[in-house]
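Take a look at the chain and its two ligands below. Keep the view open while you read.

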Amino acid sequence: MSSALPPSSIPLFDTVASYREWRRKAFDEKKTVGYVPTMGALHEGHLSLVRRSLAENDLTVLSIFVNPAQFAPHEDLATYPRTLPRDLELLSQMSVTVPEGVRTPAAVFVPTVSEMYPSGITQNTQEQKGTFVEVKGYSHQMEGRTRPTFFRGVATVVTKLFNAIEPTRAYFGQKDIQQALLLRRMTRDLLLSHPEPQNLFIVPTARDPNTSLALSSRNAYLTSYERDNVAPALYAALQAGKAAWEGNVTKAECIEHAQAVIENKKRELGDSVDLRLDYIEMNDPESFDVVQDPVTRRQWEGTVAGKPVILSGAMWVGKTRLIDNVILGAQHTIGIVE
Ligand SMILES: Nc1ncnc2c1ncn2[C@@H]1O[C@H](COP(=O)(O)OP(=O)(O)OP(=O)(O)O)[C@@H](O)[C@H]1O
Ligand SMILES: CC(C)(CO)[C@@H](O)C(=O)[O-]
Ligand code: BAL
């Protein structure tokens with residue numbers, strides 16, 4: 001362990017080698033290891049993943065690493081919130097009681113950029129050298145339309161993290177639904193054993209109890225007015241789209257209902273807040289392709305028995321980009337846990 005790390009009651013590792021020593025012992029003792037990858041600035045959404053892992057595994061490991069490769073050069077890598085001492089404090093207060101006793105987070109992996117990218121890393125993909133992981137055919141739709149290099153950066157770092165951590169189970173949030181589904185596909189394509197694809201779990205989105213805003217580290221960029229009165233419009237829009245889908249109108253009408261919520265909010269705010277919708281769209285949870293109109297819920301359900309639809313969106317509040325989604329149909333069929 002390096003002396004540059006902040007004090008922590010939970011063992012902290014900043015090199016793969018030091019973490020592997022710890023992991024070797026867990027293998028020897030036949031302990032299961034649950035893993036929650038994060039970029040830090042922890043909130044209740046992260047903690048819900050940690051709780052799940054604590055309940056289901058002997059040992060729970062988190063990583064906190066702000067991954068340069070998933071930020072495009074014009075994005076917010078420099079300003080992304082970094083709050084390691086507070087994150088460790090929050091984690092040190094966590095515990096879950098199981099029949100075997102009380103479990104607390106067992107280790108936190110906090111690598112440096114050079115530890116994760118021994119060949120170096122630049123955010124400009126044209127200039128990058130070394131080894132990268134691409135999930136081809138699944139990285140350009142939905143979030144990939146606005147962030148074309150995002151999933152390459154995520155798949156690359158998560159492959160490295162899985163190699164380093166060697167988790168029995170891994171936990172991702174529904175808020176980033178495309179990321180979670182794409183990573184499950186990646187574990188299958190790469191024949192990974194740590195974790196095996198069926199041991200990559202998707203945990204429902206944790207929301208603000210008053211406004212239903214999806215919790216997100218980037219909410220820290222918002223003013224309290226934006227957070228409580230502007231940002232919740234995205235989830236409200238998705239709910240309007242969902243209600244329309246349940247009412248069996250066409251996909252295009254559902255999207256119009258959702259967009260109208262954002263338009264109304266913009267009218268209400270006037271020039272006081274810069275609110276811009278990036279997209280609201282319905283996509284197939286397997287191919288990520290846009291659901292082709294005209295189609296209603298009954299028609300969809302009639303042709304693809306049991307397969308749900310992802311209704312997702314992204315919205316700018318000033319310079320802050322927020323995302324959210326709801327699943328229309330049986331979400332357990334795409335592996336979202338209860
Ligand atoms: N509200 C939430 N509910 C459940 N899981 C979440 C929530 N927010 C984030 N997560 C999950 O936590 C993990 C780590 O995410 P990350 O550290 O990027 O936080 P974030 O809040 O999503 O940040 P950002 O604001 O950058 O999107 C991911 O699997 C992500 O999906
Ligand atoms: C999965 C992840 C930790 C990879 O950097 C990140 O994309 C995130 O926090 O969702
Ligand atoms: N939670 C996803 C990480 C990102 O937007 O970079």
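This report goes from the whole chain to one β-α-β unit and then to the ligands.

## The chain as a whole

This is a predicted model. The chain has 11 helices and 11 strands. Its radius of gyration is 20 Å, close to the 20 Å that the globule rule gives for 338 residues, so the chain is as compact as a globular protein of that length. Along the principal axes, the C-alpha trace spans about 55 × 45 × 45 Å.

How much of the chain is buried? Buried residues make up 42% of the 338 residues. Now consider the contacts with a separation of 6 or more. Of these, 69% join residues that are 24 or more positions apart.

## A β-α-β unit

Find strand E7, residues 169-173. Helix H7 covers residues 177-189, and strand E8 covers residues 200-203. Together, E7, H7 and E8 make a right-handed β-α-β unit. The two strands pair in the parallel sense, over four bridges. One residue pair to look for is Gly173 and its bridge partner in E8, Val203.

Are the residues on the two faces of E8 buried or exposed? Both faces are covered. Leu200 and Ile202 lie on one side, and both are buried. Phe201 and Val203 lie on the other side, and they are buried too.

## Around ligand 1

Ligand 1 has 18 residues around it. Gly45, Gly173, Leu215, Ser217 and Arg218 come nearest. Two elements give two or more residues to this shell: helix H2 (44-56) and strand E7. H2 gives the most, with four residues.

Gly173 links this site to the unit above: it is among the residues that come nearest to ligand 1, and it is also the bridge partner of Val203. By class, the shell around ligand 1 has seven nonpolar, eight polar and three charged residues.

## Around ligand 2

Which residues surround ligand 2? They are Pro37, Thr38, Met39, Asn67, Gln70, Val154, Val157, Val158, Asp176 and Gln179. Strand E2 (33-38) and helix H6 (150-165) each supply at least two of them. H6 has the largest share, with three residues.

The classes divide here as well: five residues are nonpolar, four are polar and one is charged. Asp counts as charged, so Asp176 is the charged one in this list.

Notes
Residues numbered from 1 in each chain as written. Chains lettered and ligands numbered in written order. Predicted model: local features only at pLDDT ≥ 70, side-chain atom pairs only at ≥ 80, totals over all residues. Near = placed C-beta within 6 Å. Rg over C-alpha atoms; globule rule 2.2 N^0.38 Å. Buried ≥ 20, exposed ≤ 12 C-beta atoms within 10 Å, placed from the backbone. Contact = placed C-beta atoms within 7 Å. Pairing = 2+ DSSP bridges. Right-handed = clockwise from strand over helix to strand, strands pointing away.
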